[in-house]
Amino acid sequence: EGVQSHITIRNGTVRNWRGSGISLGSVLGGTNAFGHSIERVLVENNTGRGIVAGRNALIDACIARGNGSIGIEVGDGSVVRGTRAFDNGGNGIETGSGSSVQ
């Protein structure tokens, strides 16, 4: 356990996982996870969420497709840019307060 912060994931594919494709801390419930960066990643056909990151995250040039729940979920103060989310079982993109989708 402990605080996860400033993790970077780049250039890859996460496909067909049971559960979330990439999960870097819970968005709900006061998580301490923050400052993650996920760039140029395809996340598809996972049974849970596609991408979950905490506060102050950057999601850049990613695709979340065909996941069983929300495509991309980030906490407060995050930026989601140049990213597409479609055909997911829940909302495409959910953000916390003070976040932007560009």
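## Exercises on an all-strand model

Strand β4 (residues 51–53) and strand β7 (residues 72–73) run parallel and are joined by 2 bridges. The model is predicted: local features need pLDDT of at least 70, side-chain atom pairs count only at pLDDT 80 or more, and totals for chains, interfaces and linings use all residues. Residues are numbered from 1 along each chain as its sequence is written, and side-chain values use heavy atoms, with hydrogens and water left out.

**Exercise 1.** State which sheet holds β4 and β7, and which strands stand at its edges.

*Solution.*
Step 1. Strands are DSSP runs of E with at least two residues, and helices are runs of H or I with at least four residues, numbered from the N terminus. The protein has 11 strands and 0 helices.
Step 2. Two strands pair if DSSP finds at least two bridges between them. Strands of a sheet pair through backbone hydrogen bonds, either parallel or antiparallel.
Step 3. The order β2-β4-β7-β10 describes an open sheet of 4 strands with parallel pairing. The edges are β2 and β10 (93–94); each has a single partner strand, so one side of each is left without a neighbour in the sheet.
Step 4. Within the β4 and β7 pair, Ile51 stands opposite Ile72 in β7.

**Exercise 2.** Determine whether Glu39 is buried or exposed, and list its contacts outside its neighbours within four places in sequence.

*Solution.*
Step 1. Glu39 lies in strand β3 (residues 37–44).
Step 2. Buried means under 20% relative accessible area, exposed over 50%, and partly exposed in between (1.4 Å probe, protein chains only). Glu39 has a relative accessible area of 12%, so Glu39 is buried.
Step 3. Contact means heavy atoms within 4.5 Å. With neighbours within four places in sequence left aside, Glu39 is in contact with Ile9, Arg10, Asn11, Leu58, Asp60 and Cys62.

**Exercise 3.** Classify Arg18 by its relative accessible area, and give its C-alpha distance to Asn46.

*Solution.*
Step 1. Arg18 belongs to the loop between β1 (8–15) and β2 (22–24).
Step 2. The relative accessible area of Arg18 is 82%, so Arg18 is exposed.
Step 3. From C-alpha to C-alpha, Arg18 and Asn46 are 6.0 Å apart in space, while 28 residues apart in sequence.

**Exercise 4.** Check the radius of gyration of the protein against the globule rule.

*Solution.*
Step 1. The radius is taken over C-alpha atoms, and the rule is 2.2 Å times the number of residues to the power 0.38.
Step 2. For 102 residues, a compact globule would have a radius of gyration near 13 Å; the protein has 12 Å, which agrees.
Step 3. Along the principal axes, the C-alpha atoms fill a box of roughly 30 × 30 × 25 Å.
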